[in-house]
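Take a walk through the structure shown here. The route starts at a single residue and widens from there.

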Amino acid sequence: MAPLLDRRLIVVTGKGGVGKTTVAAALGLLAARRGHRTVVCEVAEQERLAALFGVAGVGHLERELAPGLHAVSVQPERAKEEWLRHQLKSSTLAGVLGGSRLFQYLTAAAPGLSELVTIGKVWDLAQLDRRTGGTVFDLAIVDAPSTGHGLAMLRAPGTYASVARVGPVSRQAGIIDSFLRDPSSTAVLVVALAEEMPVSETIDFERRLADELGVAVERVVVNGVYPRRFTGEEAERLRSLDGRGSPAARPALRAALAEHERARGQRAQLGRLRRHVQAPVSTLPYLFDPEIGRQQVERLANELERRL
Amino acid sequence: MIADWLERKEVCICAGSGGVGKTTTSAAIALGMAARGGKVAVVTIDPARRLASSLGLAELGGEERRVAVDVEGELWAMMLDAKRTFDDLIEWHAPDERTRDAVLGNRIYQELSNAVAGSQEYMAMEKLHELHQEGRYDLLVLDTPPTRNALDFLDAPRRLSEFIDSRSFRVLAAPSRMGLKVLGHGTGVALSLLKRATGIDVLRDLGEFFRSFGGMTDGMRERAGRVSELLADSRTAFVLVTSPRRDALEEAAFFHRRLVDAGLPFAGVVANRVHQAGGPTDPAELVELLGEPLARKVLRTYDEERRLAERDRLNLAELRSRLGRKPMIEVPHLHDDVHDLDGLRQMDEFLFGVRPGSIGRRPRPSPSRRTR
């Protein structure tokens, strides 16, 4: 199997709030450092990536955030237009159809279409021969929606290929579907936290991805893992001091003990995760910085370099 | 505290971005209100297994189950199954068996009813409306689905009725030359271009789907209208759930503005996982108590905790300033993440301000019993 960063597309998913964008950005930075021309695609129209790197919104067109690292925020409306232009091979005809009320109503209501054009755009970014022209990338990383919606997005091409049966939509959806399922082109990476719900969701996602798409999770990255700072003996010592010390010392003792407990809880969840998933599990440290910015992403990229 | 926000309320909708503890907060609110004498149902979506099993939801589909917990009132819980609710809706609105079977058996429906844009959101609202109509509970607590855009579900009923009323729908349901004329010039051209672009014979494939749907539109439109009314009703309360992290807060502020603009009954904010720390400590004393190496580690931990607490304080102050007079409840970062009844009880103290044991039984608000 090719190393992770040598694939054409990495899909980063995971439960909401686990730090998918941060991990996708760190992975992108690492790939760029290794000389891969990389693009990280956001699909949630939230532009968090730009905020991480302290730049204004990136929009639908690729923009360079750091040397070799580009970002794009996929807008379904724009992706739909691009697709129409490509299909009809004419901007004029695409304008006629795209501008018709019928088309607008239909596409607004058509189930899963937004997901299809979005993943279609991501697929295009990962191609050496891009149908929309523009920069060619060695690697595309998609900051995908959270697990449930992420799975829906990955399933959309297969669903459309079978619903449309014949014709250009079916053919293209089929090509995208095969690309997503081909482990030499695409890798799925799940970000989790060492907590009950994200761990359960990760275990569940791996099973569903295998059942519904026949795809294996490449790797699980557990974000925000606390350091193992205190030994059991030291924790005992802190516990035995409960209620002692001055009012100034007590909150510090309590905070230390609380963090020890949290770290222990995390290790238990990490153990559960490792027992229940097939994919290898890597961890990233909890960053105690008040806000996450470029500097923090650089640090996580360093960590990933050591752990991947 | 929460009990005041929910006074005389029959529906509590918990909304917020993913990963902020929405499911947990919904469950804790429901448990707390049940502990205070209410007959409460929490409607949740895909909770983690342990939370589910602690609520007695392990092998549950779309049926409400009574949670085996010793409270003064009653706690019921159900897990939402969007596909099944959709099927139920079709059964409910289909004028006859033939229509029902035509829709349920339609390929497009089967392939896509689970993925329909906003269907999960709409179905959550739909189920809520149904339970409210039945009037079996004093309070319904809804854990909204983690949508890409936390607001999607607010628009779901409106989008559905708009689409049903749209001319495209009518044309697709009854594609005739006359129908095409209604859509104006160029529609015929648009349809043939569409066929060329997609390879799908829209008139045939989708037409069949919409045609069988056609017989139920009146019922569905009316229902969507009533779901919208319920959202705006004074018996409903929106509780915004957030964490003190910047991205979650930005979404919360945006959401708050939307609720206010839409005139929806916003009750307040619950901020979860708030780091709290005391004032400066005394390093010399810690060294004396613990010895040098351990004291250094404790100091470092405490310092980190204080920095995060300061960040949370500043972030939340900013959100507070945007909320006007609306209240905010802070739930501290608890030792372990909350995923069982013990954890929910721990949250109770912060959400309700007092332990349930210290409150007497509150008179139950009279449940609304209306016929469908």
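A:Asp138 counts as partly exposed, because its relative accessibility is 35%, and partly exposed means between 20% and 50%. Keep in mind that the model is a predicted one.

Where does A:Asp138 sit? Its place is the loop that links helix H6 (113-125) to strand E5 (139-143) in chain A. Look back along the chain to A:Leu125. The two residues are 13 positions apart in sequence. In space, their C-alpha atoms are 9.4 Å apart.

Which residues does A:Asp138 touch, leaving aside those up to four places away in sequence? The list is A:Arg7, A:Arg8, A:Gly35, A:His36 and A:Arg37. One of these partners, A:Gly35, leads to the next stop. A:Gly35 follows helix H1 of chain A, and its phi is positive, near 90°.

Now turn to H1(A) itself. This helix covers residues 20-33 of chain A, 14 residues in total. At 1.5 Å a residue, H1(A) should span 20 Å, and its end C-alpha atoms are indeed 20 Å apart, so the expected and modelled spans agree. Is the helix mostly covered or mostly uncovered? Mostly covered: 13 of the 14 residues in H1(A) are buried.

Next, move to chain B. Its secondary structure consists of 17 helices and eight strands. Chain B has 372 residues, and 55% of them are buried. Consider its contacts with a sequence separation of 6 or more. Of these, 77% join residues 24 or more positions apart. The accessible surface of chain B is about 16300 Å². Carbon and sulfur atoms account for 49% of that surface.

The last stop is empty space. Rolling a probe the size of a water molecule over the atoms shows where such space is left. How many cavities of 30 Å³ or more does the whole structure hold? The search finds four. The largest has a volume of about 60 Å³.

Which residues line the largest cavity? They are B:Arg246, B:Leu249, B:Glu250, B:Ala253, B:Asn315, B:Glu318, B:Leu319 and B:Arg322. Two elements of chain B each give two or more residues to this lining: helix H14 (246-261) and helix H16 (292-323). By character, the lining of the largest cavity splits into four charged residues, three nonpolar and one polar.

Definitions and conventions. Residues are numbered from 1 along each chain as its sequence is written. Chains are lettered from A and ligands numbered from 1 in the order in which they are written. This is a predicted model: local features need pLDDT of at least 70, side-chain atom pairs count only at pLDDT 80 or more; totals for chains, interfaces and linings use all residues. Side-chain values use heavy atoms; hydrogens and water are left out. Helices (H or I, at least four residues) and strands (E, at least two) are DSSP runs, numbered from the N terminus. Buried means under 20% relative accessible area, exposed over 50%, partly exposed in between (1.4 Å probe, protein chains only). Contact means heavy atoms within 4.5 Å. Accessible areas come from the Shrake-Rupley method with a 1.4 Å probe; for residues, only the protein chains shown count as cover. On a 1 Å grid over the protein atoms alone, a cavity is a set of points where a 1.4 Å probe fits but cannot get out, and a pocket is an open set with protein on both sides within 12 Å along at least five of seven lines; lining residues have an atom within 4 Å of a point. Grid points are joined across faces, edges and corners, and a volume is the space filled by probe spheres set on the points. Ala, Val, Leu, Ile, Met, Phe, Trp, Tyr, Cys and Pro count as nonpolar, Asp, Glu, Lys and Arg as charged, and the others, Gly among them, as polar. The expected span of a helix is 1.5 Å times one less than its number of residues.
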